[in-house]
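Okay, my turn. Let me put the model up and walk you through the part I've been staring at.

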Amino acid sequence: MKKLGFGLMRLPLTEKGNDAAIDLEQSKKMVDMFIERGFTYFDTAWMYHRHESEKAVKELLINRHPRESFTLATKLHAEFFDSAEGMEEVFETQRQKTGAEYFDYYLIHDIEASYYEKFTKYGAFEWLKNKKEQGLVRQMGFSFHDTPELLDRVLFEHPEMDFVQLQINYLDWESEKIRSRECYETARRHGKSIIVMEPVKGGVLSVLPGTAQRLLYAAHPDWSPAQWAVKFAAGLDGVMMVLSGMSSIGQVDDNTAYMNDFKPLDKSEIALLAECARITRSDVRIDCTGCSYCTDGCPMQIPIPRYFSLYNAEFKDAGHRSWVSQKDNYKQLSAEKSKASDCIGCGQCELICPQHLKVTAHLKEVAECFE
Ligand code: SF4
Ligand code: SF4
């Protein structure tokens with residue numbers, strides 16, 4: 001299996017800013033190109049694209065390609081059930097939405113300390129094992145957003161898991177908060193195969209500060225920054241798949257071209273990325289990956305990741321290029337949606353944020369900056 005997976009969470013839209021409005025015609029072309037070039041892995045989840053991604057799977061894949069020509073992964077998130085029966089309901093609804101009789105990969109989604117308690121309380125691991133025994137799931141695993149210590153415990157308590165999905169990219173590799181390298185080493189110690197999510201950190205590593213960009217360009221003028229990031233993750237031992245949430249035919253074209261005969265980075269290239277990480281780290285104010293998990297439950301419908309992206313852009317590369325303020329973009333967006341200062345501090349977003357961001361505090365910074 002080729003090591004690039006198609007993440008179905010950043011598909012093109014027919015209406016800017018409306019995540020539910022997936023552009024199916026454009027997406028069909030992207031999916032077809034991906035399969036024609038020999039790639040097979042597709043990754044969706046219950047809440048991607050405001051719950052429309054799994055439905056899109058039916059239109060893009062199940063109704064148009066032989067089932068054995070691709071593999072499909074989806075997930076069970078703790079926020080969407082409150083009983084053992086609730087897990088079953090989610091699973092059956094996923095089968096109906098996607099039209100898939102079985103899932104090749106099924107993940108317990110987004111394990112962190114409190115969700116682990118909930119999954120354990122409702123017997124999610126045994127439930128998933130049962131699904132595998134029934135042939136409804138081929139491989140079982142979980143995605144993880146917490147400390148290496150907790151990962152060690154989960155893997156010790158659940159050696160039956162086939163694989164682990166981790167946030168790995170060269171920016172988070174040595175990060176004290178994400179502890180990407182330590183999580184990776186923990187999973188390897190337990191002998192698990194690894195699927196990588198966020199190799200480009202929600203796009204942060206596709207547009208680097210000028211100094212970092214120039215370093216990479218000097219080494220390989222024909223490689224995009226995203227290409228460097230995906231190659232870093234794909235070159236690690238034990239990584240079976242690297243997911244990329246693709247949004248345009250150009251991205252599919254680029255990703256599949258360089259991942260077709262993928263070669264791992266050498267030592268000097270990896271050292272260059274460590275230097276780029278150092279430069280980029282000081283440039284990113286809010287560590288948001290743009291996953292949008294937080295937006296669905298926000299009672300004020302604040303476009304949180306879009307505001308964080310504007311805020312980061314406002315400070316990007318300060319001192320290295322001409323100043324282009326994001327204030328006008330903020331003004332335009334906040335005229336259509338709620339403002340950052342409309343946050344009522346209910347905390348829903350902070351409960352679900354896989355990056356454990358202090359969203360309410362960051363929104364105050366955004367409001368102070370732009371309003
Ligand atoms: S704390 Fe603010 S941003 Fe977060 S969900 Fe509540 S209202 Fe929305
Ligand atoms: S604030 Fe957290 S949940 Fe919301 S988009 Fe950013 S990383 Fe995702």
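I'll start with one strand and then turn to the nonpolar cores.

Quick housekeeping: this is a predicted model, with local features needing pLDDT of at least 70 and side-chain atom pairs counting only at pLDDT 80 or more, while totals for chains, interfaces and linings use all residues. Residues are numbered from 1 along each chain as its sequence is written, and side-chain values use heavy atoms, with hydrogens and water left out.

So, strand β3, residues 71-77: 7 of the 7 residues are buried, so the rest of the structure largely encloses it. Buried here is under 20% relative accessible area, with a 1.4 Å probe and protein chains only. Strands are DSSP E runs of at least two residues, helices H or I runs of at least four, numbered from the N terminus. T71, A73, K75 and H77 point one way, L72, T74 and L76 the other.

Who are the neighbours? β3 pairs in the parallel sense with β2 (residues 41-43) over 3 bridges and with β4 (residues 103-111) over 5; pairing takes at least two DSSP bridges. A73 is the bridge partner of D43 and also stands opposite Y105 in β4.

Now the cores: buried Ala, Val, Leu, Ile, Met, Phe, Trp, Tyr and Cys joined through side-chain atoms within 4.5 Å. The largest has 114 residues, and F6, F42, F119, F142 and Y170 touch the most other members. Helix α10 (residues 225-234) gives the most, 7 residues. There's a second, separate core of 8 residues, including Y41 and M241.

How values were computed
Chains lettered and ligands numbered in written order. Buried < 20%, exposed > 50% of the residue type's maximum accessible area, 1.4 Å probe, protein only.
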